[in-house]
Amino acid sequence: MTADTALNTTLQTVLGQARDAGVFGEIVVVDDRLEAAAANSTEPSTYRLETDQDKLWVGLVMKDRWLSESIEADLMHSGDTLDELLEEELVELGLDLSDEDRPLVFEHFRSDDMLFTFRTPIPGVPASSLDADRVTTFLLAYEATFRQLGDMDAADDDD
(Lines give C-alpha, C1' and ligand atoms only; values in the text may rest on other atoms or scores of the structure.)
Protein backbone atom coordinates (compact mmCIF):
# COMPACT_ATOMS: atom_id res chain seq x y z
CA MET A 1 0.00 0.00 0.00
CA THR A 2 1.45 3.36 -1.00
CA ALA A 3 1.59 6.30 1.41
CA ASP A 4 -1.12 8.12 -0.61
CA THR A 5 -3.39 5.08 -0.50
CA ALA A 6 -2.80 4.65 3.25
CA LEU A 7 -3.57 8.34 3.83
CA ASN A 8 -6.75 8.20 1.78
CA THR A 9 -7.90 5.02 3.53
CA THR A 10 -7.24 6.61 6.91
CA LEU A 11 -9.04 9.83 5.96
CA GLN A 12 -12.07 7.85 4.74
CA THR A 13 -12.17 5.96 8.06
CA VAL A 14 -11.85 9.21 10.02
CA LEU A 15 -14.60 10.77 7.86
CA GLY A 16 -17.01 8.01 8.91
CA GLN A 17 -16.05 8.26 12.57
CA ALA A 18 -16.34 12.07 12.51
CA ARG A 19 -19.80 11.86 10.93
CA ASP A 20 -20.85 9.40 13.62
CA ALA A 21 -19.71 11.87 16.30
CA GLY A 22 -22.26 14.39 15.02
CA VAL A 23 -20.30 17.52 15.99
CA PHE A 24 -19.40 18.78 12.50
CA GLY A 25 -21.28 20.17 9.55
CA GLU A 26 -20.43 18.79 6.11
CA ILE A 27 -17.36 16.53 6.03
CA VAL A 28 -15.49 15.68 2.82
CA VAL A 29 -12.15 14.31 1.68
CA VAL A 30 -10.64 16.38 -1.13
CA ASP A 31 -7.13 16.01 -2.56
CA ASP A 32 -5.78 13.96 0.37
CA ARG A 33 -7.23 16.41 2.90
CA LEU A 34 -10.21 15.94 5.18
CA GLU A 35 -12.35 19.05 5.68
CA ALA A 36 -15.04 19.20 8.36
CA ALA A 37 -17.15 22.32 8.66
CA ALA A 38 -17.51 23.79 12.15
CA ALA A 39 -21.17 23.17 12.96
CA ASN A 40 -22.11 26.27 14.95
CA SER A 41 -19.38 28.82 14.29
CA THR A 42 -20.56 32.42 13.95
CA GLU A 43 -18.50 32.63 10.73
CA PRO A 44 -17.55 29.82 8.34
CA SER A 45 -14.59 27.81 9.58
CA THR A 46 -13.25 24.39 8.77
CA TYR A 47 -11.33 21.72 10.65
CA ARG A 48 -8.72 19.99 8.52
CA LEU A 49 -6.51 16.95 8.47
CA GLU A 50 -3.65 17.25 6.01
CA THR A 51 -0.02 16.32 5.53
CA ASP A 52 2.87 18.74 5.48
CA GLN A 53 6.57 18.13 6.19
CA ASP A 54 5.92 14.36 6.53
CA LYS A 55 3.54 15.01 9.40
CA LEU A 56 -0.21 14.75 9.67
CA TRP A 57 -1.67 17.99 10.97
CA VAL A 58 -5.02 18.71 12.56
CA GLY A 59 -6.08 22.30 12.09
CA LEU A 60 -8.76 24.93 12.07
CA VAL A 61 -8.95 27.52 9.29
CA MET A 62 -11.14 30.59 8.76
CA LYS A 63 -11.24 33.63 6.50
CA ASP A 64 -12.65 35.90 9.17
CA ARG A 65 -9.99 37.83 11.12
CA TRP A 66 -12.55 38.77 13.77
CA LEU A 67 -13.28 35.10 14.53
CA SER A 68 -9.56 34.33 14.85
CA GLU A 69 -9.10 37.33 17.13
CA SER A 70 -12.06 36.24 19.31
CA ILE A 71 -10.26 32.94 19.95
CA GLU A 72 -7.00 34.74 20.76
CA ALA A 73 -8.82 37.13 23.12
CA ASP A 74 -10.44 34.27 25.04
CA LEU A 75 -7.05 32.63 25.50
CA MET A 76 -5.47 35.88 26.63
CA HIS A 77 -8.23 36.61 29.15
CA SER A 78 -8.44 33.09 30.54
CA GLY A 79 -4.70 32.51 30.76
CA ASP A 80 -5.21 29.02 29.30
CA THR A 81 -2.91 27.66 26.64
CA LEU A 82 -4.07 25.71 23.61
CA ASP A 83 -1.82 22.76 24.43
CA GLU A 84 -3.33 22.45 27.93
CA LEU A 85 -6.88 22.72 26.62
CA LEU A 86 -6.24 20.19 23.86
CA GLU A 87 -4.59 17.74 26.27
CA GLU A 88 -7.62 18.01 28.60
CA GLU A 89 -9.93 17.15 25.71
CA LEU A 90 -7.73 14.24 24.63
CA VAL A 91 -7.87 12.82 28.16
CA GLU A 92 -11.69 13.29 28.16
CA LEU A 93 -11.77 11.21 24.98
CA GLY A 94 -9.63 8.49 26.57
CA LEU A 95 -6.24 9.28 25.02
CA ASP A 96 -3.41 9.84 27.47
CA LEU A 97 -0.34 11.32 25.85
CA SER A 98 3.06 9.80 26.50
CA ASP A 99 5.97 11.99 27.53
CA GLU A 100 7.28 11.56 23.98
CA ASP A 101 4.09 13.19 22.65
CA ARG A 102 4.59 16.32 24.74
CA PRO A 103 4.59 19.19 24.45
CA LEU A 104 1.83 19.58 21.89
CA VAL A 105 2.88 22.12 19.29
CA PHE A 106 0.59 24.81 17.93
CA GLU A 107 1.13 27.06 14.97
CA HIS A 108 -1.03 30.11 14.35
CA PHE A 109 -0.56 32.08 11.14
CA ARG A 110 -2.21 33.46 8.04
CA SER A 111 -1.66 30.99 5.22
CA ASP A 112 -0.71 31.68 1.62
CA ASP A 113 -4.37 31.24 0.69
CA MET A 114 -5.23 34.01 3.19
CA LEU A 115 -6.80 31.78 5.85
CA PHE A 116 -6.23 32.31 9.56
CA THR A 117 -4.87 28.95 10.64
CA PHE A 118 -4.40 27.12 13.93
CA ARG A 119 -2.70 23.75 13.50
CA THR A 120 -0.96 20.99 15.42
CA PRO A 121 1.06 18.02 14.18
CA ILE A 122 -0.46 14.82 15.53
CA PRO A 123 2.32 13.24 17.59
CA GLY A 124 3.08 9.61 16.96
CA VAL A 125 1.40 9.70 13.54
CA PRO A 126 3.89 10.30 10.74
CA ALA A 127 2.24 10.72 7.36
CA SER A 128 3.61 7.32 6.32
CA SER A 129 2.00 5.34 9.18
CA LEU A 130 -1.50 6.36 10.16
CA ASP A 131 -3.68 5.21 13.06
CA ALA A 132 -7.25 6.23 12.17
CA ASP A 133 -8.57 5.99 15.75
CA ARG A 134 -5.81 8.24 17.07
CA VAL A 135 -6.32 10.71 14.21
CA THR A 136 -10.09 10.81 14.84
CA THR A 137 -9.48 11.40 18.55
CA PHE A 138 -7.26 14.38 17.75
CA LEU A 139 -9.84 15.79 15.32
CA LEU A 140 -12.63 15.47 17.89
CA ALA A 141 -10.45 16.94 20.64
CA TYR A 142 -9.52 19.87 18.39
CA GLU A 143 -13.19 20.55 17.73
CA ALA A 144 -14.03 20.34 21.45
CA THR A 145 -11.12 22.63 22.32
CA PHE A 146 -12.00 25.35 19.84
CA ARG A 147 -15.79 25.11 20.25
CA GLN A 148 -15.44 26.66 23.70
CA LEU A 149 -13.25 29.56 22.50
CA GLY A 150 -14.19 32.91 21.03
CA ASP A 151 -17.20 32.87 18.78
CA MET A 152 -16.81 29.29 17.59
CA ASP A 153 -20.16 28.23 19.07
CA ALA A 154 -22.99 30.58 18.11
CA ALA A 155 -25.36 28.44 20.20
CA ASP A 156 -23.64 29.87 23.31
CA ASP A 157 -24.77 33.37 22.24
CA ASP A 158 -28.40 32.40 22.90
CA ASP A 159 -27.80 32.03 26.66
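Here are legends for four close-up views of this predicted model.

**View 1. Helices H3 and H4 cross each other in this view.**
Packed helix pairs are described by how far apart their axes are and by the angle between those axes. Here, helix H3 covers residues 82–92 and helix H4 covers residues 132–147. Their axes come within 8 Å and cross at roughly 120°. Because of that angle, H3 is oblique to H4. The crossing of the two helices is right-handed. Which residues make the contact? From H3 come Leu 82, Leu 85, Leu 86, Glu 89 and Leu 90. From H4 come Thr 137, Phe 138, Ala 141, Tyr 142, Ala 144, Thr 145 and Phe 146. Sorted by character, the residues of this contact are nine nonpolar, two polar and one charged.

**View 2. The largest cavity is lined by residues that include Trp 57 and Arg 48.**
Empty space left between atoms can be found by rolling a probe the size of a water molecule over them. A search of the whole structure turns up one cavity of 30 Å³ or more. How much space lies in the largest cavity? The volume is about 40 Å³. Its lining is made of Arg 48, Glu 50, Trp 57, Val 58, Gly 59, Val 61, Thr 117 and Arg 119. Strands E3 (45–52), E4 (55–62) and E6 (116–126) each give at least two residues to this lining. Strand E4 supplies the largest share, with four residues. By type, the lining residues are three nonpolar, two polar and three charged.

**View 3. A cis peptide bond sits between Arg 102 and Pro 103.**
Look here for the bond that joins these two residues, where omega is about -10°. Where along the chain is Pro 103? You will find Pro 103 in the loop between helix H3 and strand E5, which covers residues 107–110.

**View 4. Asp 31 has a positive phi.**
The phi angle of Asp 31 is about 50°, although this residue is not a glycine. Asp 31 has its place in the loop between strand E1 (24–30) and strand E2 (33–38).

Terms used. Residues numbered from 1 in each chain as written. Predicted model: local features only at pLDDT ≥ 70, side-chain atom pairs only at ≥ 80, totals over all residues. Heavy atoms only, no water. Axes fitted to C-alpha atoms, helices over the stretch in contact; angles between N-to-C directions. Parallel < 35°, antiparallel > 145°, perpendicular 65-115°, else oblique. Left-handed = near helix turned anticlockwise from the far one by under 90°. Contact = heavy atoms within 4.5 Å. Nonpolar A, V, L, I, M, F, W, Y, C, P; charged D, E, K, R; others polar. 1 Å grid on protein atoms, 1.4 Å probe; cavity = no way out; pocket = protein on both sides within 12 Å on 5 of 7 lines; lining within 4 Å. Points joined across faces, edges and corners; volume = space filled by probe spheres on them.
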